[in-house]
Amino acid sequence: MLRMAIGRRFGIDPTRIVCGNGSDDLLHLLAGAYLGPGDEGIYTEHGFLVYRIAILAAGGTPVVAPEVNFTANVDSILARVTDRTKIVYLANPNNPTGTYLPFEEIRRLHAALSPGVLLVLDAAYAEYVRPNDYSAGLELAAMFENVVMTRTFSKIHGLAALRVGWMFAPAHVCDALHRIRGPFNLNSAALLAAAASIEDTGHLEIAAAHNAKWLDWLSGEVSRLGLTVTPSVANFLLIHFPPEPGKSARDAEAFLTSRGIVVRGVGAYGLPEALRVTIGTEEANRAVVAVLSEFVASGSNPKGGLRG
Ligand SMILES: *Cc1c(COP(=O)(O)O)cnc(C)c1O
């Protein structure tokens, strides 16, 4: 039933949709189906960490492609392809950087990969992206035998705790996943909620418009405080802090936490000097800026320092 609803909404063949217990489930199943000992899976330097975990869990070897300006780079990915490469995971846009690759670059990447390499386009944040050179990759997955697009109900739909994700893939990939997935991998409450949510286009429009407005506002305000912000097309911002005692990302996180604001440290992503801040309600966004403003000011006064 959920596959029918998704198929209708996107105009795609429901038999080529597989649902998972979150898209995380599908990312793991893809590694399980296509990777074994001796095989390599590629992901990018600051890419979503589930890829690394899924590759390792399947017994494969993770291969990291360096990024440029916190953005995935097609040439860097292609340079790491070997005859052992079986899968390339790419989050577009990526979490936690918020950056994306235009569709032309995705097509260039696909065109240069051999048909034996599965390209997994993880479009968890697709609904937030505004630039019109972006595509989630649905048309590539429709056309080619080695492209999968994954999506989730956890982000703009706001149903993360219900755990529903889906993928659109070639028939042979769907077939492989149906064989190895658990037969009861989704519960009926989650299926019903997701099917209702996909019809609720009004909610999606409101959420996307809210995000667009406050993403721009938050980027502007945080930049004005003198902090570097990586341009984001998603629903969060990566904010960079100077690696100085009292001014670092760790200090900022502690300061924010002490004021009741919980943000995401991203040291595990190779970004120890940054924090990821999600776009929230107007009240939350204004509170983050007020507290960061206080943090930046206090850091510049040695006597009025954080721990002083
Ligand atoms: C959140 C997220 C997902 C998966 O979320 P699920 O809740 O498992 O559907 C996948 N990829 C990226 C990049 C994400 O940020």
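Where is the place of proline 93? Select it and you land in the loop between strand E4 (85-91) and helix H5 (103-112). Keep in mind that this is a predicted model.

**Stop 1: the loop between E4 and H5**

With proline 93 still selected, add asparagine 92 and look at the bond that joins the two. The peptide bond from asparagine 92 to proline 93 is cis, and its omega is near 0°. Now slide along to proline 96, which also has its place in the loop between E4 and H5. Here, too, you'll find a cis peptide bond, this one joining asparagine 95 and proline 96, with omega at about 20°. Hang on to asparagine 95, as its side chain comes back at the ligand stop: an N or O atom there is 2.9 Å from an oxygen atom of the ligand.

**Stop 2: a cavity**

Asparagine 92 has a second part to play, as one of the residues lining the largest cavity. To see the whole lining, select Thr71, Ala72, Leu90, Ala91, Asn92, Asn94, Thr99, Tyr100 and Leu101. The space inside has a volume of about 40 Å³. Don't go hunting for others of 30 Å³ or more: a search of the whole structure finds one. What kinds of residue line this cavity? Sorted by class, five are nonpolar, four are polar and none is charged.

**Stop 3: asparagine 69**

Next, pick asparagine 69, in the loop between strand E3 (61-65) and helix H4 (74-79). Check its backbone: phi is near 55°, a positive value in a residue other than glycine.

**Stop 4: the ligand**

Now click on the ligand and show what is around it. How many residues surround it? There are 13, and the closest are Ser23, Asp122, Thr152, Ser154 and Lys155. Colour that shell by class and you get four nonpolar, five polar and four charged residues.

A few distances are worth drawing in:

- From an oxygen atom of the ligand to an N or O atom in the side chain of threonine 152: 2.5 Å.
- From an oxygen atom of the ligand to an N or O atom in the side chain of asparagine 95: 2.9 Å.
- From an oxygen atom of the ligand to a polar backbone atom of aspartate 24: 2.9 Å.

How much of the ligand does the protein cover? On its own the ligand has 380 Å² of accessible area, and the protein covers 93% of that.

**Stop 5: the pocket that holds the ligand**

Hide the ligand for a moment. The space it takes is the largest pocket, with about 220 Å³ of space. Its lining is made up of 17 residues, and those nearest the centre are Ser23, Asp24, Phe48, Ser154 and Lys155. Which helix gives the largest share of the lining? Select helix H2 (residues 23-34), which supplies three residues. Taken by class, the lining has eight nonpolar, five polar and four charged residues.

**Stop 6: the second largest pocket**

For the last stop, select Met1, Leu2, Arg3, Val18, Cys19, His178, Arg181, Asn185, Leu186 and Leu191, which line the second largest pocket. Two elements give two or more residues to this lining: helix H1 (2-10) and strand E1 (17-20). The volume of this pocket is about 170 Å³. By class, you'll count six nonpolar, two polar and two charged residues in the lining.

Technical notes. Residues numbered from 1 in each chain as written. Predicted model: local features only at pLDDT ≥ 70, side-chain atom pairs only at ≥ 80, totals over all residues. Heavy atoms only, no water. Near = heavy atom within 4 Å. Polar contact = N/O pair within 3.5 Å; in protein donor to acceptor, adjacent residues only side chain to side chain. Areas by Shrake-Rupley, 256 points an atom, 1.4 Å probe, with all protein chains shown as cover. 1 Å grid on protein atoms, 1.4 Å probe; cavity = no way out; pocket = protein on both sides within 12 Å on 5 of 7 lines; lining within 4 Å. Sits in = over half its atoms within 2 Å of the grid points. Nonpolar A, V, L, I, M, F, W, Y, C, P; charged D, E, K, R; others polar. Points joined across faces, edges and corners; volume = space filled by probe spheres on them. Helix = DSSP H or I, 4+ residues; strand = E, 2+ residues; numbered from the N terminus.
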